[in-house]
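Work through the two exercises below with the sequence and the model at hand. Each task is followed by a solution in steps.

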Amino acid sequence: MKYFLLEIFLILFLFQYCKEVNEKEKFSNKRIITDSQNTDHTILKEFADLGIIEHHFAEMHDWGKFHYSKSNHGVYKVTTISEIQKVIKIANKLEIPVRIRGRGHSMNGSSLPREEELVLNTENLRFLKNSGSAMIEVGSGVAVFDLNYHLKKYGYSLPVYNDGDLGPSIGGFISASGLAIPAAQYGGFWENVEEITIVDGKGNVHKINKGQEDFRWFFGAMGQLGFIYSARLNIVPVSGSEQKPVQSINEIPEYWKEDPEHRSHRIKIYEDLRMYWYTVMAPKGSKSRLLSQLMQIRQKYKDALSWNSEYIWPIKFKNFNPPLLYRWQKDFVAIGIWGYNTPSASFDARKMLGIQRAVSELVKSNSEYASYLQAELAIEDVNWREVWGDEIFKEFKSLKSKYDPVGILNQGLVF
Ligand SMILES: Cc1cc2nc3c(=O)[nH]c(=O)nc-3n(C[C@H](O)[C@H](O)[C@H](O)COP(=O)(O)OP(=O)(O)OC[C@H]3O[C@@H](n4cnc5c(N)ncnc54)[C@H](O)[C@@H]3O)c2cc1C
């Protein structure tokens, strides 16, 4: 019903619009919404009045509270793959840019809508299907934490999951890449995904498995190649627990909301803290050198944050490293310095960017170093061609033309 209304509305709207406005003028600036100041007359507002989307006027922020969205955007919480297809096809026709948002736990503003964009929110995609022995398929919106919590009831676990309890969704973790402590044994998160189902920027569905060349490019792609609808994942038995067949379920509960201890912990972190981390990846033989280089940066900025102990995660190479994350095909180590700042303490954004810049300089001047720009602070002035090198940049660009030729998805991140 929702769709029927949406389509009728759009057809009528388009018809009226085409009659009134010169075709060329209309699409010249890639925006069908021409009066961005007057929110009474936007398509988003009309969608909202029909109950199709939520029309937001409040700014959103992501984990770092460093980047804020524009205040005028629509939010659509998708529930099925055909819904995603339809919305993307319509957005394409009308040239409404689409922003994909998981749990908003990145720090670089990548999931924050720009003016009058349509946000496709994944939070209702939390299904789980038993997909054969030691394999499940899950919706991309489920939090990695909640999925793991759920699997433990059956005596299973994800081989690789994020650090820090509640954090990314499955779609967001893939879109960053997925570094973690258990990667020392199992390889990065990417090594433990069998297949993803995506909707591309034209609204077409693709199943892409780990045997296909394009697969590795979705890790670290920040949603530039398509909307990840679901992922087939390996699971491993938890030793000492009894294993039971994992039951399919339409919606994995948000366990963190039900667990009072977790809930208050989350609210405290969200409201009170600004917590930042800076990760650098390097060949495993460079571990000591990298550690001391990062310690020098931490020392230089010792007053900028209350620093925690650094983390050092060896990442085992099994089949591939995602080219957009760490293009050298071998074991590596990820080392991070991190700390927090409360609103009451003096927060100086320039210092945070200063640290980010120092880390970027470190990476630039050491061969086979890379930083985790997909998940961390600065993004606006990133020169991606320089970060990835010509070859990777060109390949990614050609995949962008293949999967999202109009550039409707997540505009302005890389393309
Ligand atoms: C507490 C905490 C702990 C963390 N721990 C780790 C860790 O241990 N290891 C690690 O590697 N990272 C970690 N991170 C970083 C985190 O994994 C990334 O920032 C991740 O992208 C956030 O996922 P999200 O669902 O919040 O995505 P969002 O912040 O909503 O989005 C991030 C990017 O992914 C895209 N995206 C999200 N969902 C989809 C989808 N379904 N399809 C296509 N594109 C999509 C968005 O468009 C955006 O470009 C942590 C972050 C926090 C806040």
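**Exercise 1.** Sort the residues of the shell around the ligand by class, then trace the shell to its elements and domains.

Solution. The model is a predicted one. Step one is the class count: 18 residues of the shell are polar, 11 are nonpolar and 4 are charged. Gly counts as polar here. Step two is the total, with 33 residues surrounding the ligand. Gly102, Pro168, Gly171, Gly172 and Gly223 are the closest of them. Step three assigns elements: at least two shell residues each come from strand E3 (98-101), helix H6 (170-176) and strand E10 (227-234). H6 gives the largest share, 5 residues. Step four turns to domains: domain 1 (2-124) and domain 2 (128-264) each contribute at least three residues to the shell.

**Exercise 2.** Describe how helices H10 and H11 are arranged and which residues make their contact.

Solution. Begin with the axes. Helix H10 spans residues 287-300 and helix H11 spans residues 349-364. Their axes come within 10 Å and cross at roughly 155°. Angles over 145 degrees count as roughly antiparallel, and H10 and H11 are therefore roughly antiparallel to each other. Next comes the hand: the crossing of H10 and H11 is right-handed. On the H10 side, the contact is made by Gln293, Ile297 and Lys300; on the H11 side, by Ile355, Ala358, Val359 and Leu362. Last, sort by class: the contact of H10 with H11 has 5 nonpolar residues, 1 polar and 1 charged.

Note on methods:
Residues are numbered from 1 along each chain as its sequence is written. This is a predicted model: local features need pLDDT of at least 70, side-chain atom pairs count only at pLDDT 80 or more; totals for chains, interfaces and linings use all residues. Axes are lines fitted to C-alpha atoms, for helices over the stretch in contact, and angles run from 0 to 180 degrees between N-to-C directions. Helices (H or I, at least four residues) and strands (E, at least two) are DSSP runs, numbered from the N terminus. Angles under 35 degrees count as roughly parallel, over 145 as roughly antiparallel, 65 to 115 as roughly perpendicular and the rest as oblique. A crossing is left-handed if the near helix is turned anticlockwise from the far one by less than a right angle, and right-handed if clockwise. Two residues are in contact if their C-beta atoms, placed from the backbone, lie within 7 Å. A residue is near a molecule or strand if its C-beta atom, placed from the backbone, lies within 6 Å of it. Domain bounds come from an automatic or database domain assignment.
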